[in-house]
Amino acid sequence: MQYIIFDLEATCWDGNQVRREQEIIEIGALKLDIYGKCEDTFQKFIRPTRFPSLSVYCKKLTGITQQEIDSARVFRQVGAQFIEWIQADDDEYRLCSWGGKDKTLLLSDCRNAGLDNDWLDPYIDLKSQYHHLMGLQRKLGLKKCLLREGMEFDGNHHRALDDARNLVELFVRYLDVWSY
């Protein structure tokens, strides 16, 4: 069994997003063994196709530059690499992210790119589980939950690999408690 702890960054705009479907622009993931030890990492930028120019808001929020996006491959290529990376060991796995939006974005981009999406089925929404376990009524972001646990966020918030690394800290703390 392996745990794939991942985070995504996507196109975004300040204010009204009517008729603007988000596209993934970065994937960051860590592959953990059953004991929570990191075995490998994955990080790639993705060039969006529907709205190829990042908004000023998106660049400021994520710190991702237009140059990084312009030189990246499209989701069909990077998504296929990500799927291959996840399934490389031919081992059972669980995808884990902070909230269901990441799975929804992957599903949408897989459909738009003509990629299989069955690989998304073994999924765990750690945000929902954490809030349920802690009896929290109001949904808190990862950074606030880490502080609540006495941990500090390390790295750049809203960068996929840094967010995934920080989620690993919380995931490992409750490794024997999550519902798999």
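Which residues touch the most other members of the largest nonpolar core? Before I answer, note that this is a predicted model. The core has 25 residues, and the ones with the most contacts to other members are Ile27, Phe75, Phe82, Leu95, Leu106 and Trp119. At least two residues each come from β1, β2, α3, β4 and α4. The largest share is that of α3, with 6 residues.

Let me stay with Trp119. Leaving aside residues up to four places away in sequence, Trp119 touches Phe82, Ile83, Ile86, Gln87, Tyr93, Leu95, Leu106 and Cys110. There is also another core, apart from the largest one, with 24 residues, including Trp98, Leu126, Met151 and Phe153.

Now the helix, α3. It covers residues 75–87, 13 in number, and spans 18 Å from first C-alpha to last, close to the 18 Å expected at 1.5 Å a residue. Its buried residues are Phe75, Val78, Gly79, Phe82, Ile83, Trp85 and Ile86. Viewed down the axis of α3, they fall within an arc of 160°, so they line one face of the helix. The general background is that an α-helix has 3.6 residues a turn, so residues three or four places apart point the same way. And what lies over the buried residues of α3? The cover includes β1 (2–10), β2 (24–32), β3 (38–45), β4 (93–97) and α4 (101–113).

Next, the sheet. It is open, with 5 strands in the order β3-β2-β1-β4-β5 and mixed pairing. β3 and β5 (123–125) are at the edges with a single partner strand each, so one side of each has no neighbour in the sheet. From one strand to the next, the twist averages 20°.

Going through the pairs, β2 and β3 are antiparallel, with 7 bridges, and leucine 32 has cysteine 38 in β3 as its bridge partner. These two strands form a hairpin with 5 residues between them, and in the turn glycine 36 has a positive phi of about 90°. β1 and β2 also run antiparallel, joined by 8 bridges; one of the partnerships is that of aspartate 7 with glycine 28 in β2. β1 and β4, on the other hand, are parallel, over 4 bridges, with glutamine 2 partnered by tyrosine 93 in β4.

Is β2 enclosed or exposed? For β2, 9 of the 9 residues are buried, so the strand is largely enclosed by the rest of the structure.

Last item: helix α5, residues 126–134, lies across β4 and β5 and runs at about 45° to β5.

Definitions and conventions:
Residues are numbered from 1 along each chain as its sequence is written. This is a predicted model: local features need pLDDT of at least 70, side-chain atom pairs count only at pLDDT 80 or more; totals for chains, interfaces and linings use all residues. Side-chain values use heavy atoms; hydrogens and water are left out. The expected span of a helix is 1.5 Å times one less than its number of residues. Buried means under 20% relative accessible area, exposed over 50%, partly exposed in between (1.4 Å probe, protein chains only). The arc is that of the directions from the helix axis to the C-beta atoms. Contact means heavy atoms within 4.5 Å. A nonpolar core is a set of buried Ala, Val, Leu, Ile, Met, Phe, Trp, Tyr and Cys residues joined through side-chain atoms within 4.5 Å. Two strands pair if DSSP finds at least two bridges between them. Axes are lines fitted to C-alpha atoms, for helices over the stretch in contact, and angles run from 0 to 180 degrees between N-to-C directions.
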